[in-house]
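Visitor: I am new to this structure and should be grateful for a close look at one part of it. Please show me the turns in the loops between helices, and set them within the chain as a whole.

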Amino acid sequence: MLIKLRQTAIVAEHILSLSSKNPFTRQLYHTTFPPVQSKLRALCSNGQLQEALLEMAVQGLEMKFEGYDTILNECVNRKSLREGQRVHTHMIKTQYLPPLYLRTRLVILYCKCDCLVDARYVFDEMPERNVVSWTAMISGYSQKGFSSEALNLFVQMLRSGTEPNEFTFATVLPSCTGDYGLDYGRQIHSLIVRYNYDSHIFVGSSLLDMYAKARRIHEARTVFDSLIQRDVVSCTAMIAGYAQLGFDEEAVELFRKLLKEGMCSNYVTYASLLTALSGLAALDQGKQVHNHILRHQLPSYVGLLNSIIDMYAKCGNLVYARRVFDSMPERTVISWNAMLVGYCKHGMGSKVIELFKMMRAEGKVRPDRVTFLAVLSGCSHGGMEDTGLEIFDEMVAQKDALEPNIEHYGCVVDLLGRSGRLEQALKFIDEMPFKPTAAIWGSLLGACKVHSNLDVGEYVGRQLLEIEPENAGNYVILSNLYASAGRWEEVRNLRELMKEKAVSKEPGRSWIELDQTLHTFHASDRSHPRKDEVHTKVKELAVRLKEAGYEPDLSCVLHDVEDEQKEKILLGHSEKLALAFGLLSTSDGTPLRVIKNLRICVDCHNFAKIISKLYGRTVSLRDKNRFHHIKGGVCSCGDYW
DNA sequence: TAGAGTTGCA
């Protein structure tokens, strides 16, 4: 019997030594011959790590690789920093010199527990390193957002002569961000090609994501198309890349294509798809995705629910957004922000404040910079200037909590401008600790237009044209301002200046969703299948609306043409085409929901207001900045946007 | 010798 057992043990050792790299063989070995430290393992898996350390001494495994390995392994799995530190201290106390493998495990443990300084200490003290220890340390930096440290270490690794592998490349690529990210990324890409990892699925996903984050969507797509094998992560990375750069239609299209090809989706895929649908304001399709998620009982990850809230808010359905928000078992700061931004974009200042108070009262989640941005901007869009200014003062007073940044200062300029305190706004810009951006001057110029203040407006407009001469929208607002003061000479000069600077404008387009289909119109569009009907309808509308008091605002056109031609150009604006198509294709009383990619022009805003009154339709119009809910000739923005 | 890696939401 004894001989038989001994023979079996020899065979077992042989199996292990033959192929210890093979997980199956190891599994077989451990199943057939339970290791001596089974009690130690049991204690570890129960989380009794302190007891496990004692047991190690009892079993005589103290200062032995197996003992430390068992406990450290559990510490890494459970991210138990305290116990891990005890193991580390134990090693030092007993003067045990851990081999490379255990030192690497310590690095990994400290990285996972956010103790990068400790991880680096262990790493620096290592007498020798291999690709795994380098990659583990790079991963620690990379995952915590210390990109330059990760890249530096990667360079040091190459200099040390250690060859990177597929793990290293997949780890280091997410650190190629920021100003020089693309340059580093490209260099690493050529290394990847040299090492022949360019079609590796993890490396490929990381690589395409790097290009997408650097706004190189075509290069990202080239990498994606070159992958021999695709999985949920690479597909999601590509869809997310499209969605983040505003290629919403491409994102939805790719999702549909990949779904047909049998792609698996996870909650990240749906979150990315929802981002694209939010961009398109495709409410019906968004609802369909929400139903799909409910039907398939995908786990209700907070992140996914946040995306659903955002989708409903951006599609104009705040009731649904709030319903999802209220039903959440737990909320992150992003959940609150999504809901706050939703109310803000709809100009519902009092709702923003109500929710912000609720957030503070609940006290579970701390407001961050986006929260304050939504609150300040919500006060501005909701006509609650004084409340907004009070909140900003609170922010400045609580210096340690959250320092306002340039965007918060921009909100204050907007608040002051809206309330007509234009001189005060100028003074505020002068005294703020940041250099004013084009966005700040732009918002003040808008305020000057609304309050017909040509003096301040002219100064602000010149500042704006100096720092952002290529933005056609700026010329239009300034021209509106001059036109309303009857300064036609200045309007002409502006037109000349615009020609001189060769200003190009992003083409405007508007769309409307009917039966889950988006109908898109460009300015003076002739491509829609029902173009003739639409153009006839717009002309007919112009006649009826004029009778009801619509007066085309010709200052919205900066082309040097006759007034009659200007009127034609105005009637060709994409939002008018989308509205006309909506009227043609829906029954009486149906609300119209139009989305515009740019800021809506004054003339189209007037046009929509009169339509709502004349045809008894609610028009909800989402432009680049916010929602305009128009009912009975009155807009929720109070004609200030 | 085991150990290390990629995607999303304001």
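**Loop residues in their setting**

Guide: The model is a predicted one, and the pLDDT of chain A averages 87, with 93% of the residues scoring at least 70. An exception is the stretch of residues 1–21, where the pLDDT is below 50 and where the model shows nine contacts beyond near neighbours in sequence.

The setting comes next. Chain A holds 34 helices and six strands. Along the principal axes, its C-alpha atoms fill a box of roughly 110 × 55 × 50 Å. The chain has 641 residues, of which 50% count as buried. If one takes the contacts between residues at least 6 apart in sequence, 62% of them join residues at least 24 apart. The exposed area is about 32300 Å², and carbon and sulfur atoms supply 52% of it.

The part requested may now be examined through two residues. Most residues other than glycine have a negative phi. Lys79, which is not a glycine, has a positive phi of about 50 degrees. Lys79 lies in the loop that runs between helix 5 (65–78) and helix 6 (81–93). Its relative accessibility is 52%, and Lys79 therefore counts as exposed, the cut-off being over 50%.

Arg215 also has a positive phi, near 65 degrees, and is likewise a residue other than glycine. The loop that contains Arg215 lies between helix 13 (201–213) and helix 14 (217–226). With a relative accessible area of 61%, Arg215 is exposed.

A residue within a helix may be set beside these two. Ser38 belongs to helix 3, which covers residues 38–45. Ser38 has a relative accessible area of 42%, so it is classed as partly exposed. From Ser38 to Glu253 there are 215 residues in sequence, and their C-alpha atoms are 54 Å apart in space.

Glu253 leads to the annotated repeats. In an unreviewed entry, UniProt lists "repeat: PPR" for residues 130–164, 231–265 and 332–366. Residues 130–164 are 77% helix and 0% strand, and the C-alpha atoms at the ends of this span lie 10 Å apart. For residues 231–265 the share of helix is 74% and that of strand 0%, while the end C-alpha atoms are 9 Å apart.

Charge completes the account. Chain A carries 76 positive and 76 negative charges, and the mean positions of these two sets are 5 Å apart.

Methods
Residues numbered from 1 in each chain as written. Chains lettered and ligands numbered in written order. Predicted model: local features only at pLDDT ≥ 70, side-chain atom pairs only at ≥ 80, totals over all residues. Heavy atoms only, no water. UniProt positions renumbered as here; feature names shortened; annotations may be inferred. Helix = DSSP H or I, 4+ residues; strand = E, 2+ residues; numbered from the N terminus. Buried < 20%, exposed > 50% of the residue type's maximum accessible area, 1.4 Å probe, protein only. Contact = heavy atoms within 4.5 Å. Areas by Shrake-Rupley, 256 points an atom, 1.4 Å probe, with all protein chains shown as cover. Lys, Arg positive; Asp, Glu negative; His and termini not counted. Charge placed at Lys NZ, Arg CZ, Asp CG, Glu CD. pLDDT = per-residue confidence, 0-100.
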